[in-house]
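Grab a viewer and something to scribble on. Here are a few exercises to work through, each with a solution.

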Amino acid sequence: MGGGNATGGAHAAIHDAENRPITAGGFVDSGPVVFEDITQKSGLAVWRHTMGAPNKKFIIEANGSGVGLIDYDNDGWLDIYLVNGSTQDAMDGKAAPPHAALFHNNHDGTFTDVTAKAGVGNDRWGFGVAIGDFDNDGWPDIFVANYGKNRLYRNNHDGTFTDVAEKTGVTLGNWSTGATFGDYDGDGRLDLFVAGYIHYDMTNPPIPGSKAVAYSFCNFRGVSVMCGPRGLLGEPDHLFHNNGDGTFTDVSVKAGVNDPNRYYGFTSIFADINNDGKVDLLVADDSTPNYLYINKGNGTFEDDSYASGFALNQDGRETASMGLGIGDYENNGRLDLLTTTFSDDYKVLYHNDGDANFTDVTYRLGLAQDTIPFLGWGAGFIDYDNDGWKDIMMINGHVYPEVDKQDWGTSFAERPLLYHNLNGKKFELIPPVKGTGLAVVTPGRGAAFGDLFNDGKIDVVINSLDSTPVLLRNVSADHHHWVELKLVGGPKSPRDAVGATVYLSANGMRQRGDVISGGSYISSNDQRVHFGIGDAAAVEAVEIHWPSGAIEKFKLPNVDRIFTIEEGKGITGELCTTCKTASHATAKK
């Protein structure tokens, strides 16, 4: 296998009835239609992702970039931020750099590129994005993780942003990937964690047999491919404490999350794993053990990676973890974890057993076998049909163009995978119906999940490598009810309520939802908490655990709406795009 990536070993090729690799085939003529590809008519296809050369000689060209969902103008509708890569010529000043894109939501199913006006083009070799209101002014800001210096775009409240990364002290300077905002010390301000991937030198790239790397680390199934990540020096991780004065302080070592092992970090998430009211920290690492840090409440974390069971899969083996999904698929009040991995390996579902202990239940729940040929990136727990059970979606695409020349049953461009949750006991693969969103074959990387059209259905934006993005609109035929909550923190919580946990009781179930920054694959999802409630026409109770420690209980007057709830003030807004009366169509904060 060589040393490049952690996999489960070579697996037999799987083809469909037309002899296509199953990753780019397996289509059916009829079945449930969940997503429609509306990329062209949405306006997103005017932009294209670029990362290095098509032959992917170097690993920096292959990993792709993230997507951030952000309501940057506070109009109640999600806008889309797409990170872009770069090229060697652009880095050398010989060509114009590719730019990131901010697309404004026009409220009619279309989006307009407002990047130039907003000033968020980045023009660096971009990877991850995290959305968070770091200065608590009520307007979301954008952190972009780059190879080279990072960016922190502060929202100016007028449709423009200012890069304050230098001033705030979060630029770093080598290869940053997945970032997450979270208030780890409970002071009401969002801190920032940034994962590091490889310590990469553009002037001395990893060429097989060079000083940088040995030949054995540059082959896959006996075929010569790009080198890495194994065999290359990793880049440490960084935790920045928010000082409340527009600056951050690097507290990585003191907090115990600096990654002295120099694992290859990708996606990171702050979330309360053990239900003690404090956000813990998860890092999905490529071809090295994953990290789980438990928040001790004194400004430090305990490395619980191995003891928790999250470091490795059930075989006791590290995986090439790219993406990280988080959600309570069993409706038992505990957050479960999903990591996407390399091809020739199953994607891993970790069941939260309580007290931050996890068990790999992937095979038992029917998730493993079909995922093995796929190389996974974006990952999400989404209730696509609003039945009250969180389903699983994975976005896929290979890193080696060479796979298209081999009979391995896998492909460079791949289709997404969607699994329906059967009451928390099993997951069932939804077949890709020809001509629908699940049959889109693309070199997928970052993906963000959210309700882009305020209709209560979760849509997907995919940032595809060297391609136009893909916008999959949820057109599921179900007529189930739903509610979404946009939370606004009080004086002792982050203003955007990142870190809040919501419990909602309806339809005989008690569901959990969390306000999270970061996740999927180096991306940032809709921060409004979404609940499908099946056929229930009312919500029995809502209980919000705010980052400040306050716990509040609410009654919701209606369903099929987006409610704004402010800590200490109750429901302050209600948006219903399908209501006939104008009095309900209010969405301002």
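The exercises below deal with strands, a sheet and some backbone angles.

Ground rules: this is a predicted model, where local features need pLDDT of at least 70, side-chain atom pairs count only at pLDDT 80 or more, and totals for chains, interfaces and linings use all residues. Residues are numbered from 1 along each chain as its sequence is written, and side-chain values use heavy atoms, with hydrogens and water left out.

**Exercise 1.** Work out which strands strand 32 pairs with, and whether its residues are buried or exposed.

*Solution.*
- Start with the terms: strands are DSSP runs of E with at least two residues, numbered from the N terminus, and two strands pair if DSSP finds at least two bridges between them.
- Strand 32 (residues 501-506) is joined to strand 33 (residues 509-514) by six bridges, and the two run antiparallel.
- Five bridges also join strand 32 to strand 35 (residues 541-545), again antiparallel.
- Pick Y503 to check this: its bridge partner in strand 33 is R512, while in strand 35 it stands opposite E543.
- Now the turn: strands 32 and 33 make a hairpin with two residues between them, and N507 in that turn has a positive phi of about 60°.
- Last, burial (under 20% relative accessible area with a 1.4 Å probe, protein chains only; exposed is over 50%, partly exposed in between). Six of the six residues of strand 32 are buried, so the strand is largely enclosed by the rest of the structure.
- T501, Y503 and S505 point one way, V502, L504 and A506 the other, and all are buried.

**Exercise 2.** Lay out the open sheet that strand 20 belongs to, and find its edges.

*Solution.*
- Four strands make up this sheet in the order 20-21-22-23, with antiparallel pairing.
- The edges are strand 20 (324-327) and strand 23 (357-360), each pairing on one side only.
- From one strand to the next, the twist averages 25° (axes are lines fitted to C-alpha atoms, and angles run from 0 to 180 degrees between N-to-C directions).
- Strand 20 meets strand 21 (residues 336-339) through four bridges; I326, for one, has L337 as its bridge partner.

**Exercise 3.** Describe the backbone at N74, N136 and P229.

*Solution.*
- Background first: most residues other than glycine have a negative phi, and most peptide bonds are trans.
- N74 has a positive phi of about 55°; it sits in the loop between strand 2 (67-70) and strand 3 (79-82) and is buried at 11% relative accessible area.
- N136 has a positive phi near 55° too, in the loop between strand 6 (125-132) and strand 7 (141-147), but at 28% N136 is partly exposed.
- P229 is joined to G228 by a cis peptide bond, omega about 0°, in the loop between strand 13 (223-224) and strand 14 (238-242).
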